[in-house]
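Here is a short set of exercises to work through with the coordinates open. Try each task before reading its solution.

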Amino acid sequence: MTAIKHALQRDIFTPNDERLLSIVNVCKAGKKKRNCFLCATVTTERPVQVNVVKVKKSDKGDFYKRQTAWALRDLAVVDAKDAVKESPEFDLHFDKVYKWVASSTVEKNTFISCIWKLNQRYLRKKIDFINVSSQLLEESVPSGENQSVTGGDEEAVDEYQELNAREEQDIEIMMEGCEYAIANAEAFAEKLSRELQVLDGANIQSIMASEKQVNILMKLLDEALKEVDQIELKLSSYEEMLQSVKEQMDQISESNHLIHLSNTNNVKLLSEIEFLVNHMDLAKGHIKALQEGDLTSSRGIEACTNAADALLQCMNVALRPGHDMLHAVKQQQQRFSDLREQFARRLASHLNSVFVQQGHDQSSTLAQHSAELTLPNHHPFHRDLLRYAKLMEWLKNTDYGKYEGLTKNYMDYLSRLYEREIKDFFEVAKIKMTGTTREGKKFATLPRKESAVKQETESLHGSSGKLTGSTSSLNKLSVQSSGNRRSQSSSLLDMGNMSASDLDVADRTKFDKIFEQVLSELEPLCLAEQDFISKFFKLQQHQSTSGTTTNEVEEVDGVALSRSYTSGVPQTVSSEKDMIRQMMTKIFRCIEPELNNLIALGDKIDSFNSLYMLVKMSHHVWTAQNVDPASFLSTTLGNVLVTVKRNFDKCISNQMKQMDEVKISKKSKVGILPFVAEFEEFAALAESIFKNAERRGDLDKAYIKLIRAVFDSVEKVANESQKTPRDVVMMENFHHIFATLSRLKISCLEAEKKEAKQKYTDHLQSYVIYSLGQPLEKLNHFFEGVEARVAQGIREEEVSYQLAFNKQELRKVIKEYPGKEVKKGLDNLYKKVDKHLCEEENLLQVVWHSMQDEFIRQYKHFEGLIARCYPGSGITMEFTIQDILDYCSSIAQSH
């Protein structure tokens, strides 16, 4: 173990300026026997640092390496496990508990004893040694003795002590002076002994020489002691003299402390009194204003407002602890409470009187607006009441019961006033729409549908039957000739030379203007009232910036309505917004039913009015939602918009239903079906109404439904037609639809436009082929036989050798179709086509030109067969292609 200790000192600790004092061979408890050494070391430099170092043997060689070091000051507990029974196990408590097993009990005890000694000498903090035998721990000794004992122990522990550099240098100098010292040790020792004797003699002589000086020093010390005794006697007498002075000074100090304490208390009391006087004293002018102030003049209102604010400040002052127990404070608070109650009662009574007066004053102005489509202006009333806005805020903060009562009274009075105004306003709007006075008399000039409208006033659910907006139904119409329809249309005109369409446009334009004026009058009325309520009743109208708004879009009957939800906003803000909405709902409770009645009347007058209403209402809803999605106006107009959208959908459904139920006359040709022409009118009207409108998507959906219904109804009528060929019905009507869609350029109906063109082309070709048939019937039969022989395998140039198809037979058949007969047949065909086609669509020349082309194609086909099957025969038709062109042109011009 000594060899290992020297090796560790040399290799590990000397380079680090440390001294190794104790070592123990250990391994970790409960694990593999991997031995290591725990070393107790101290540094050679001051201040001395004491460490416990863990050293282990390297896996790659026989040298040792330093693994872990702990400062001894971090060691809290040394646990030897058993103080009586010998055990190699022990624990060291640093930042955690390290459990060790020593190679022997002796090494363990030596190491623990060394730790205890180092703790006693170098550390202020004492380490706890538990389960350690008392024999291992030395008793506590004075510091001087402790150092000597510890020093001796260190020498005992440290069997070998290495020379430091200075000692080595001194020995080398001494040995250089005696070169023979190494060869003759005895001579060297004798020399050292002689020099030591010389030094001892010198020391003795020095001591004897200093004896006299020592005696002199002793005498001086005796004299100094005598002087000290005299000084102590004088200090004792002085202390007795000052004892009485100390008592007097203590009394003076105590008296000064009491005076200072009294002054401090007086200053605090003065501060408290000044606080109460400054914050709980209401000026006489304010008291007079609260008791007798004029609430009708602007100066009086301002004085009352200032007095009310001052009173509120006095009542809301934050009293310090104990103030509320003072009798004067209680009296002042009671006085403030009485003043507040008195002024609140006076203010509430005055504002109630103002509300009642407003109702009477405004009623007198209703007659001025009864003949005009305008609503009375409430701005002067709002302006006068806003002077009391600060007082209302004061009342809200001080007496919420009276504030709530005023709110209820305001809603009661104003709801009755607005109800009268709005009902009269809508009555004027209805009169202007229907063109009647309040007594039911008609104006001098009525549109063509006024009589029909008046006959149906009992039911608001009726809608127009035809797409033109007239009150007759499609299922009562029969498909008549164009001449009959023109005569019936002309019989409907009541006003000079104006057409029915012109009257419809005039009526609808008039309705559109009235409806727009109604909405334009209602919007500023509602917005002004809502703004006034927010300002007068001090309610939070707009959302605070601390919260976030989530807008959700809800679709009701295809109408997208915005709903706003507030998150992160204080509850008071949300409740105040709800209060505004409730007040507006109660004050304007008649707006929504009146609007619904007006919408029902407009739909009853002309179902096409729903188009105008949908566009106008959508625009106003969009505008209102941009201002405030959750406002009363936005909500109300959104609800009404749902009704308008339903009327619009019902109008489209009725048109589709009436198309499906249409019946045609069996005695007259069909021509352009009424609902096809009326779809053109509907589309033209809708495009003019919905130009740049927000609800374009609703119209596009209606277009798709209507055009499909028109297609289906055209095919149905064509299949049922007996007088007019099916192809003619399909050709004319789909040509009209294609022309309409091409002219209007409706983007959502591009596919239907292409389909209409295809149907028109297909049925035109089919009609031409069917009507033209085989104008040269025998010649057609002859050449059909020729083509049959060729199909059987006979060569074309050999067909003329067939008995039934020789040249003589061909000439015989050709002679039966001279030019006059051909022209006569074409003339009869032209008359037949003219009977089938209607004049409105003007397709006769188109059909005739197509028949001409088809006839020329057959002619060229016959000439080709003659040239191939009868070559060199010189046989030709008795008329030429130019003759055919001349015949067709002459027939067309003659008719």
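**Exercise 1. Backbone outliers**

Find out whether Asp 17 is buried, partly exposed or exposed, then look at its backbone.

*Solution.* Start with accessibility: Asp 17 has a relative accessible area of 37%, so it is partly exposed (buried is under 20%, exposed over 50%, partly exposed in between, with a 1.4 Å probe and protein chains only). Next, place Asp 17 in the fold: it sits in the loop between α1 (2-13) and β1 (18-28), where helices (H or I, at least four residues) and strands (E, at least two) are DSSP runs numbered from the N terminus. Finally, check phi: for Asp 17 it is positive, about 55 degrees, although the residue is not a glycine.

Before going on, a word on the input: this is a predicted model, in which local features need pLDDT of at least 70, side-chain atom pairs count only at pLDDT 80 or more, and totals for chains, interfaces and linings use all residues. Residues are numbered from 1 along each chain as its sequence is written, and side-chain values use heavy atoms, with hydrogens and water left out.

Now treat Lys 745 the same way. Lys 745 also has a positive phi of about 55 degrees without being a glycine. Its loop runs between α23 (726-744) and α24 (750-772), and at 67% relative accessibility Lys 745 is exposed.

**Exercise 2. A cis peptide**

Which residues does a cis peptide bond join?

*Solution.* Look at omega: it is about 0 degrees for the bond between Arg 46 and Pro 47. Then locate Pro 47, which lies in the loop between β2 (36-43) and β3 (50-57).

**Exercise 3. Disulfides**

Count the disulfides, taking each as a pair of cysteine sulfur atoms within 2.5 Å.

*Solution.* The count is zero. Take Cys 27 as a test case: the nearest cysteine sulfur, that of Cys 36, is 7.7 Å away. Cys 27 is buried, at 5% relative accessible area.

**Exercise 4. Aromatic pairs**

How is the pair of Tyr 418 and Phe 588 classed?

*Solution.* Rings of Phe, Tyr and Trp (its six-membered ring) pair if their centres lie within 6.5 Å; planes under 30 degrees apart are stacked, over 60 edge-to-face, and the rest tilted. The structure has 24 such pairs. For Tyr 418 and Phe 588, the centres are 4.6 Å apart and the planes at 50 degrees, a tilted pair. The two residues are 170 apart in the chain, with Tyr 418 in helix α13 (residues 400-434) and Phe 588 in the loop between α17 (571-587) and α18 (591-605). Tyr 418 is buried at 0%, and Phe 588 is buried at 1%.
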